[in-house]
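Thanks for coming, everyone. I have one model to show today, so let me put it on the screen.

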Amino acid sequence: MSGAVSDPAPDPEPDQPDESARGWLLVCVTAVVAGVAIGFIGGAFRWCLETADGLRIDLVDWAHRLPGPGWLVPIAVAALGATLAALIVRWVPLAAGSGIQHVEAVYRGNAEPPLLPVLPAKFIGGVLSIGSGLVLGREGPTVHMGAAIGAESAKRVKLSESDVRMMQTAVGGAGLAVAFNAPIGGTLFSLEEVTKSFRMQTVLATLFAAAAAVGCMRVLLGNESDFHVDRIGAPALVWLPLFVVFGVLTGCLGALYNRLLLWFIDRVGGIRRIPPVAKAAMIGAVIGLAMFVYPHAVGGGDALTQMILAGQDFVLPVVLGVLLVRFVAGPLSYSAAVPGGLFAPLLAVGALWGLLFVGSIDAIWPGYVQSLAIPMALVGMAAFFGATVRAPVTGIVIVIEMTATTSAAIPMLAATAAAVLVANLTGSPPIYDSLRERMSPDVRR
């Protein structure tokens, strides 16, 4: 019949993405709305942690002036914060740790998307654990909160199951963008680390979510990069082999860090006769003692990284001591199974490692490599991130966005590539693959 109307396109199956024009538009609009939500919530989370960092420094200064055993004050505060965070995890088991491995498991269809109770649990638990001084990062909780918002938003507009998993991944990437003030880095993280693909609908959803999220976060915290780095010249190309050697050593260091982290998780988690809350309290007490000795040796590490990138002078034994403390305190803190991530502490360790490398060479041949201190710290941040996470492009872009400098881009590429290659050759798997394999069946449901 000439006037017949063709049948409408059938609705997509429950587990199939909607590839129609309406489906694409709905995904992008949902990503923007969810991005606005994680932008303001993640910005508030960052503000709370920054405030807690300042209060923690003031607390240690006050404790040093107290008569008697003032060192007990930071020990008690850190232990109390870890204890309260562990109690929140008892209420919401999914709030433990970074949460990024859960986001990856959800995308692969091996776990259910996070529910909204994860949001307050990660927010409050993260402020308690990271704010009290545990060497954990803000990005894990922010990614997980973004994933919960993304999944809930997708369910509300009745997206398919596969689009719900995609949306929690996209808005989780926006959460990382908020955590590091790095919209491109957050987008790349979702694509390079979580999905390991560049499906166009995922790319657009992540871009929209990250742009909205970082824009809203900057309304709260200011439109500037996280770290201020004075203008530096690009290192001479004659030093490129030195950066490659540094990358090789960084790859070995990253593999060692991953093994140490898993060792702490397995050994501390394997102690059944001590309740998890008590273990968290004891770990908090150890971190509190380190905090009393040197406050910048604990916490997320942003203030310490800024001091290094600003060119502040450190004597070599102090650099070595703080590096060793943070190298061990990070895995120890993560084994407490309280809300907190890995990325921010990795950046601080990378910056310290770069400073130590240059300082060691300068001690042997004085005056030759002093100008490389800040570039090597920048390269160390990206290379160590790449060696542990195995997301080299994400690490490079995050460091460039956080510091608003591209002067060290070429040595950063060379050193990070060398670090990732060596870490792979050691047989050490990417850290989030190992953490995903260790996820409890309770948090997969």
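I will go through the empty spaces, then a helix, then the cysteines and some backbone angles. Please keep in mind that this is a predicted model.

Let's start with the closed spaces. How many cavities of 30 Å³ or more does the structure hold? Two. The largest cavity has a volume of about 40 Å³. The second largest cavity comes in at about 30 Å³.

Take the largest cavity. Its lining is made of Y294, L304, I308, F314, V318, V319, V322, L352 and L355. Sort those residues by class and you get nine nonpolar, no polar and no charged. Three helices each supply at least two lining residues: α11, residues 302-309; α12, residues 316-334; and α13, residues 343-364. Which of them gives the largest share? That is α12, with three residues.

Now the second largest cavity. Y257, N258, L261, L342, L346, T388, V389 and I431 line it. Two elements give two or more residues here, namely α9, residues 240-269, and α14, residues 373-389. The top contributor to this lining is α9, with three residues. The classes are six nonpolar, two polar and no charged. So N258 and T388 are the two polar ones in that list.

Next, an open space. The second largest pocket holds about 440 Å³. There are 22 lining residues, and R46, E50, R138, D226 and D302 are the closest to the centre of the pocket. By class, the pocket lining splits into eight nonpolar, seven polar and seven charged residues. Compare that with the lining of the largest cavity, where no residue is charged. Which helices each supply at least two residues to the pocket? They are α1, residues 21-65; α8, residues 200-221; and α11. The largest share, four residues, comes from α1. Note that α11 is also on the list for the largest cavity.

On to a helix. I picked α16, residues 409-425. Its length is a quick sanity check. At 1.5 Å a residue, its 17 residues should span 24 Å. The end C-alpha atoms of α16 are 24 Å apart, so the two values agree. Which residues of α16 are buried? P411, M412, A415, T416, A418, A419, V420, V422 and A423. A general point helps in reading that list. In an α-helix there are 3.6 residues a turn, so residues three or four places apart point the same way. What covers the buried residues of α16? The cover includes α9, α14 and α15, the last being residues 392-403. Just after α16, G427 takes a positive phi of about 85°.

A little further along is S434, in helix α17, residues 431-437. Is S434 buried or exposed? Buried, with a relative accessible area of 2%. Leave aside its neighbours within four places in sequence, and S434 is in contact with L262 and P429.

Now cysteines. A disulfide is a covalent bond between the sulfur atoms of two cysteines. How many disulfides does the count give? Zero. Look at C28 to see why. The closest cysteine sulfur to that of C28 is in C216, 17 Å away, which is too far for a bond. The cut-off is 2.5 Å. C48 tells a similar story: its closest cysteine sulfur is also in C216, at 17 Å, again too far for a bond. As for accessibility, C28 is buried at 13%. C48 is partly exposed, at 23%.

Last topic, the backbone. Most residues other than glycine have a negative phi. Two residues here are worth a look on that score. K158 has a positive phi, near 60°. Where is K158 found? In the loop between α5, residues 139-156, and α6, residues 161-180. K158 counts as exposed, at 72% relative accessibility. The other residue is A337, and its phi is positive too, near 60°. A337 lies in the loop between α12 and α13. With a relative accessible area of 37%, A337 is partly exposed.

To recap: two cavities of 30 Å³ or more, a second largest pocket of about 440 Å³, and zero disulfides. That's it from me.

How values were computed. Residues numbered from 1 in each chain as written. Predicted model: local features only at pLDDT ≥ 70, side-chain atom pairs only at ≥ 80, totals over all residues. Heavy atoms only, no water. 1 Å grid on protein atoms, 1.4 Å probe; cavity = no way out; pocket = protein on both sides within 12 Å on 5 of 7 lines; lining within 4 Å. Points joined across faces, edges and corners; volume = space filled by probe spheres on them. Buried < 20%, exposed > 50% of the residue type's maximum accessible area, 1.4 Å probe, protein only. Contact = heavy atoms within 4.5 Å. Expected span 1.5 Å × (residues − 1).
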